[in-house]
Amino acid sequence: MSTGAPHHAEPEPAPDWDERFEAVLRRYCTRADPAAPIDPHAPLAAQGLDSLDLVGIVYDVEETFGVEIPATLLGAPPGPSAADLWREVVRTLRPA
């Protein structure tokens, strides 16, 4: 039976990415407070990245981890979040 109170979904936990991924993010998310965590679930565009920055961050992630980020991840607005990129890195590196 519903009490009429709105149901709020629990926020998705922040991914546990490694320091190499954090370093790539920090190179591009220059507007972020260096002492504060980067919002893993906000679109990177909302964190001050433009389309060239997004291409750069994807290239650096691919080079750093030896993975390929699918172009489909980049195409749909509002664009990927840091968590989206990290999930793709983990998915690609996880043994089958």
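Begin by selecting helix 2 and helix 4 in this predicted model: the angle between them is about 25 degrees and their axes are 11 Å apart. Because angles under 35 degrees count as roughly parallel, these two helices are described as roughly parallel to each other. If you turn the view so that one helix lies in front of the other, the crossing of helix 2 with helix 4 is right-handed.

Next, show the side chains where the two helices meet. Helix 2 contributes Ile57, Val58, Val61 and Phe65 to the contact, while helix 4 contributes Leu85, Trp86, Val89 and Leu93. What kinds of residue make up the contact of helix 2 with helix 4, nonpolar, polar or charged? Eight are nonpolar, and there are no polar and no charged residues in this contact.

Keep Phe65 and Trp86 selected, and turn to the aromatic rings. A search of the whole structure finds four aromatic pairs. One of them joins Trp17 and Phe21, whose ring centres are 5.1 Å apart with 55 degrees between the planes, a geometry classed as tilted. The rings of Phe65 and Trp86, by comparison, have centres 5.7 Å apart and planes at 70 degrees, so this pair is edge-to-face. Since Phe65 belongs to helix 2 and Trp86 to helix 4, which spans residues 82-93, the pair ties together parts that are 21 residues apart in sequence.

Now select Trp17, Phe21, Phe65 and Trp86 together, as these four form one aromatic cluster. Are the members of the cluster buried or exposed? Trp17 is buried at a relative accessible area of 15%, and Phe21 is buried at 0%. Phe65, with a relative accessible area of 8%, is buried, and Trp86 is likewise buried, with 11% relative accessibility. Each of these values can be read against the cut-off, because buried means under 20% relative accessible area.

Stay on helix 4 and select Glu88, which is placed in that helix. With a relative accessible area of 11%, Glu88 counts as buried, although its residue type is one that counts as charged. Which residues does Glu88 touch, once its neighbours within four places in sequence are left aside? The contacts of Glu88 are then with Ile69, Pro70 and Leu73.

For a contrasting stop, move to Arg31, which sits in the loop between helix 1 (19-28) and helix 2 (51-65). Arg31 is exposed, with a relative accessible area of 70%, whereas Glu88 is buried. If residues up to four places away in sequence are not counted, Arg31 touches Gln47 and Gly48. To see how the chain brings one of these partners to Arg31, draw a distance from C-alpha to C-alpha: Arg31 and Gln47 are 7.2 Å apart in space, while 16 residues separate them in sequence.

Finally, clear the selection and display the whole protein chain, which has four helices and zero strands. Followed from the N terminus on, its elements run α-α-α-α. Of the 96 residues in the protein chain, 32% are buried. Among contacts with a separation of 6 or more, 58% are between residues 24 or more positions apart.

Technical notes
Residues are numbered from 1 along each chain as its sequence is written. This is a predicted model: local features need pLDDT of at least 70, side-chain atom pairs count only at pLDDT 80 or more; totals for chains, interfaces and linings use all residues. Side-chain values use heavy atoms; hydrogens and water are left out. Buried means under 20% relative accessible area, exposed over 50%, partly exposed in between (1.4 Å probe, protein chains only). Contact means heavy atoms within 4.5 Å. Rings of Phe, Tyr and Trp (its six-membered ring) pair if their centres lie within 6.5 Å; planes under 30 degrees apart count as stacked, over 60 as edge-to-face and the rest as tilted. Axes are lines fitted to C-alpha atoms, for helices over the stretch in contact, and angles run from 0 to 180 degrees between N-to-C directions. Angles under 35 degrees count as roughly parallel, over 145 as roughly antiparallel, 65 to 115 as roughly perpendicular and the rest as oblique. A crossing is left-handed if the near helix is turned anticlockwise from the far one by less than a right angle, and right-handed if clockwise.
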